[in-house]
Structure formats: structure tokens, C-alpha cells
Amino acid sequence: MAQNLYGPRVRMGNWNEDIYLEEERMKDFLEKRDKGQLLIQRSRRLKKNLLRPMQLSVSEDGYVHYGDKVMLVNPQYPEAEVGASLSGDLSLCMTPDEIQAHLSDELELPCGLSAVPTKTPVGRNTFIIFSLDPDATGQVLRYGQYFCLGITGGFENRMLFLSSDHRTLLKSSKRSWLQEVYLTDEASYRNCWQAALPDPQLRLEHEGFPVPANAKILINHCHTNRGLAVHRHLSLSTYFGKEVEVVAHTYLDSHRVEKPKNHWMLVTRNPGNDSSTMLDLPKPPAEDTRAVEQAMGLNEQGHT
């Protein structure tokens, strides 16, 4: 049997090809690393921008203004949903496509949205309130007025707007197949929203009143007349882990009142701490009314 007398050091045949290929791969790797084009480098830049710490606006008069930086929070409610995967206060967040996020350091448009239990303002959950009138910056946002919600995602010189459109066979939410909510850089009427009072009996009376900060409101899409809602029972696998779906759909109870799924708060910064929000403020303890009830005879037998 003939023996092979050649080895890799001889640099002949396939051995020579393997050495050249290894040198080319190393050269290509070093070139991409120096230019910051490696997939791991792109992924880290994207995550760094989306998780960049942001500072919310302070509401000195208790109201929301055009130009304010806020977080959109769906507050916790006692009615537990069957199979709910997340509880507590849920913040609306920018959610890039999981596959594209690993391959690029830029956002693919349109970009998705989800809700996640976080109280820390970062690039992916800090929104800016815009008016259709460019001269309205600094003015108070009022019930019934059109406004837009923009987000930079931690990127400089790039603004995306919260948008929605009618559901079609080819365009709907991933889990519930309802009306989709997404982020786009195209300015149109589909970016317009309205704030409404949750109490339907007082809703018309409050038209034109200032929208309070850190209070429950409804956010309705002007083009489709659908309310922004959270599905706590429908989870999504995202670039940042397990989060829940956000759609545009109005949920009504038996009294024709919007359910807590449609309740939102425009959360501002805690003026006493630059890194916290108004959600971090301790809640005042419930007052003990037993002494008052005893004085009024409410605790006696036969009273309700």
C-alpha cells in the first residue's frame, strides 16, 4: 500500500488550499472587526441604542404637554386574565424583528411593538408627544385633540411614529389577528391619536380639558376609531425575551365601558429623582376608618 509522503508543511494540493482559505478567512474577519461589521458588534450596537437610558419630562402643573417625553403604561388591574403571562404595570416598547435584530444594527421598518413590565425609561419605551401644529410645542394636550407619538429608540436624528391601519388578510397582529400597531417613519393621518376619559358618562363634558399626567386615559386611533390595547395572555418571543402583544382594538364590558386592557397612563419623571418615574412614588397608606365608623354607629349590629 502506497504511503502519503507529503504533509501540510509541503504546501501542495489540498493542504495548500486549506492554508490559503484559512488565511483569507482570518483576513476577512480582521477587516470586518476593524470596521465594526461583525454580527456580534452590530447586535451590541442595536441593543446599546435601544437600552440607552432616557430622561422623562417633569409635569410641573400635573398635565401633559406637546413635546414632553413620557412612557405609555398599561396599569395593573385586579381582573386577572386566564393564562396571563405578565402582571403588573406594562410599558409600551419598541420591538424589532428578532431575526433582523441579530443581522443588522439598524431597525427594519415597519417596526413592531410589545408591552413589558419595566419602569425604567430607556430608548425603546420613551415616547415624545407631537402636535400637528408645529407651533404648539409646550402647550397642554387636551382631550379630543389629535396628537402623534414619536420614538427615537436611542438613535440620533431618526424619529418613528406610532401608527395603525385597518386589518386585512395580509396585515394583522401576529397572535390575535386583530388590527396591528407598528412604528413607521412615514408621516400620515394613520399616525394620529386622541385621548379620552375612561368614564363614558363624563367623557363629553371633559372634551377640551387638559389631559392629566400619570392618570388613566384612553388612547384611540383617529383613522380607525380603535383603542390601543394590551393582550396580557398572548406572549411574543422578541429580541429581548418574552413580552406581550399590543393591538388596536376596543374592548367593552356589558355596560359599554372600555375594559382595563384599553387603559393607559402617560407617565412622567419624578421631580425628586432624575432616574425614576412617578410610578416609583410610594402610595399613601389607606386610611383607617374604623374609629370614624364606630363614632357614626356603622359597626353596630344591624347596620351595613
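Reader: Hi! What relative accessible area does Phe-240 have?
Author: Phe-240 comes out at 24%, so the residue is partly exposed. The cut-offs are under 20% relative accessible area for buried, over 50% for exposed, and partly exposed in between, with a 1.4 Å probe and protein chains only. The areas themselves come from the Shrake-Rupley method, and for residues only the protein chains shown count as cover.

Reader: And what should I keep in mind about the model?
Author: This is a predicted model, with local features needing pLDDT of at least 70 and side-chain atom pairs pLDDT 80 or more, while totals for chains, interfaces and linings use all residues. Residues are numbered from 1 along each chain as its sequence is written, and side-chain values use heavy atoms, leaving out hydrogens and water.

Reader: Thanks. How many aromatic pairs are there?
Author: The count is three. In one of them, the ring centres of Phe-130 and Phe-161 are 6.0 Å apart with planes at 70 degrees, so that pair is edge-to-face. Rings of Phe, Tyr and Trp (its six-membered ring) pair with centres within 6.5 Å; planes under 30 degrees apart are stacked, over 60 edge-to-face, and the rest tilted.

Reader: Which parts of the chain does the pair of Phe-130 and Phe-161 link?
Author: Distant ones: Phe-130 is in strand 4 and Phe-161 in strand 6 (residues 160–164), 31 residues apart. Strands (E, at least two residues) and helices (H or I, at least four) are DSSP runs numbered from the N terminus.

Reader: Phe-161, buried or exposed?
Author: Buried, because its relative accessibility is 16%. Its partner Phe-130 is partly exposed at 28%.

Reader: Back to Phe-240: what is the geometry of its ring pair with Tyr-239?
Author: The two ring centres lie 5.1 Å apart and the planes are at 80 degrees, so Tyr-239 and Phe-240 also form an edge-to-face pair. Tyr-239 is buried, with 9% relative accessibility.

Reader: What sits over the ring of Tyr-239?
Author: The charged end of Lys-47 does, 5.3 Å from the ring centre. The rule asks for NZ of Lys or CZ of Arg within 6 Å of the ring centre and within 35 degrees of the ring normal. Another case is Lys-261, which lies over the face of Tyr-251 at 4.2 Å from the ring centre.

Reader: New topic, the sheet. How many bridges join strand 1 to strand 12?
Author: Three, and the two strands run antiparallel; pairing requires at least two DSSP bridges. Leu-72 has Leu-266 as its bridge partner in strand 12. Strand 1 also has two antiparallel bridges to strand 4 (residues 127–130), where Val-70 partners Phe-127. Two more bridges pair strand 1 with strand 2 (residues 90–95), again antiparallel, and there Val-73 partners Ser-91.

Reader: How many residues of strand 1 are buried?
Author: Five of the six in strand 1 (residues 69–74). Strand 9 (residues 216–221) likewise has five of its six residues buried.

Reader: What does strand 9 pair with?
Author: Strand 12 is one partner, antiparallel over three bridges, with Leu-218 matched to His-263. Strand 8 (residues 193–196) is joined to strand 9 by four antiparallel bridges, and Trp-193 stands opposite His-221.

Reader: Last one: which residues form the nonpolar patch with Leu-30 on the surface?
Author: Met-26 and Phe-29 join Leu-30, with about 250 Å² of accessible area together. Patch residues have over 30% relative accessible area and no salt bridge; nonpolar side chains are joined within 5 Å, like charges within 9 Å. A salt bridge is a Lys or Arg side-chain nitrogen within 4 Å of an Asp or Glu carboxyl oxygen. Leu-30 belongs to helix 1 (residues 13–35) and is partly exposed at 32%.

Definitions and conventions: Areas by Shrake-Rupley, 256 points an atom, 1.4 Å probe, with all protein chains shown as cover.
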